Amino acid sequence: MTNELDIFVGNTTLIDEDVYRLWLDGYSVNDAVALRVRSGILEQTGATAAVLQSDTMDHYRTFHMLERLLHAPPKLLHQLIFQIPPSRQALLIERYYAFDEAFVREVLGKKLSKGTKKDLDDISTKTGITLKSCRRQFDNFKRVFKVVEEMRGSLVDNIQQHFLLSDRLARDYAAIVFFANNRFETGKKKLQYLSFGDFAFCAELMIQNWTLGAVDSQVDDMDVDLDKEFLQDLKELKVLVADKDLLDLHKSLVCTALRGKLGVFSEMEANFKNLSRGLVNVAAKLTHNKDVRDLFVDLVEKFVEPCRSDHWALNDVRLFLNQYSASVHSLDGFRHQALWDRYMGTLRGCLLRLYHD
């Protein structure tokens, strides 16, 4: 009796997305096998435990060999050893550089150095993310930072060009690089209610408006460093609270415009000067590195918490900030309108994002 056997030979590298996720999550081969068994794969495929073990080990070997290429994604595109379709290459890269919200919140704004890396054991215990996965995510942040920190041009574009990430993920990495470079404090207890998305939103506004790149697209570090001249000039805004006549007129303009429109009008009227001093003094202090680092702490203390304690709704905050910003243009004695708009345009957006009523 003759048995016929059809054989197909191909050299396309097979990528099992589920196994890739287990590898990225830092599970050992044995743990990955146990999780795959628990998912019911043996019943679904009719495979034996030995075959599953061998399959998992084979995938892990492939991922380990690919990892060197994933450190510099353009190399993955141009290598000839692994025959991987473009859509699969994109998936490998995007998922390798993806990160956990819980992890990034622990390291956001910290120096991407050996000192921080020593804390990964504690972060792993706190978040429940495996140490191996924490190390991969931290090393990715550090790798991207080192490559793009001194490059000329758009931070997002540079990240996309060198790491082939999607627009959304590249923007997230731009926020991580920006926060690491400027060392913004994000770990204080009063900031724990804020998500990575909240900080990333603010980072994007600051990159667009407060960095060197906002005024000159040809400088190095243009989207990484804050514009020192702009920060120095912000001292000029102090006249808005130091000059009693200007402060009274500003309050009058805002109150006249918002009377009957604000649910917390009497509270706003009573607290206007304190709120205005808080917002202007934050600007005036940004010449010092420590005060730059404490920007979000100051915004929460000087504005978010006072408004929260008076039970402002988010729409009240929006109406107030819009009118507070716009009314300055009607102050005849004020000569720094463009500076004010550059400052408050960004701050208004950040405060609305930080305010969770």
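1. Let's begin with a term you will need: a salt bridge is a side-chain nitrogen of Lys or Arg within 4 Å of a carboxyl oxygen of Asp or Glu. Please keep in mind that the model in front of you is predicted. With the term in hand, look at D294 and K290: their side chains meet in a salt bridge, with 2.6 Å from N to O. The two partners sit in contrasting surroundings, since D294 is buried at a relative accessible area of 13%, whereas K290 counts as exposed at 51%. Salt bridges with shared partners also join D16, R36 and D55 into one network.

2. How many salt bridges does the structure hold? There are 20. One of them pairs K190 with E301, and their closest N and O atoms are 3.0 Å apart. K190 belongs to the loop between α12 (167-182) and α13 (196-209), while E301 is part of helix α19 (residues 295-309), so this pair ties together parts that are 111 residues apart in sequence. Both ends have some access to the surface: K190 is partly exposed, with a relative accessible area of 30%, and E301 is partly exposed too, at 33%.

3. Next, find K273 and D248, another salt bridge, where 2.9 Å separates the closest N and O atoms. Here the link runs between two helices, with K273 in α17 (residues 265-284) and D248 in α16 (residues 244-258), and the two residues are 25 apart in the chain. K273 is partly exposed at 25% relative accessibility, and D248 is partly exposed at 26%.

4. Now for the cysteines. A search of the whole structure turns up 0 disulfides. C307, for example, is in no disulfide, and the nearest cysteine sulfur, in C255, lies 13 Å away. C307 counts as buried, with 0% relative accessibility.

5. Why do C350 and C202 not form a bond? The sulfur of C350 has its closest cysteine sulfur in C202, but the distance is 3.3 Å, which is too far for a bond. The cut-off to compare with is 2.5 Å, because a disulfide needs two cysteine sulfur atoms within that distance. Like C307, which is buried, C350 counts as buried, at 4% relative accessibility.

6. Finally, step back to the whole chain. Its domain assignment gives domain 1 (17-82), domain 2 (101-210) and domain 3 (228-354). If you take the centres over C-alpha atoms, domain 1 and domain 3 are separated by 53 Å.

Technical notes
Residues numbered from 1 in each chain as written. Predicted model: local features only at pLDDT ≥ 70, side-chain atom pairs only at ≥ 80, totals over all residues. Heavy atoms only, no water. Buried < 20%, exposed > 50% of the residue type's maximum accessible area, 1.4 Å probe, protein only. Domains from an automatic or database assignment. Helix = DSSP H or I, 4+ residues; strand = E, 2+ residues; numbered from the N terminus.
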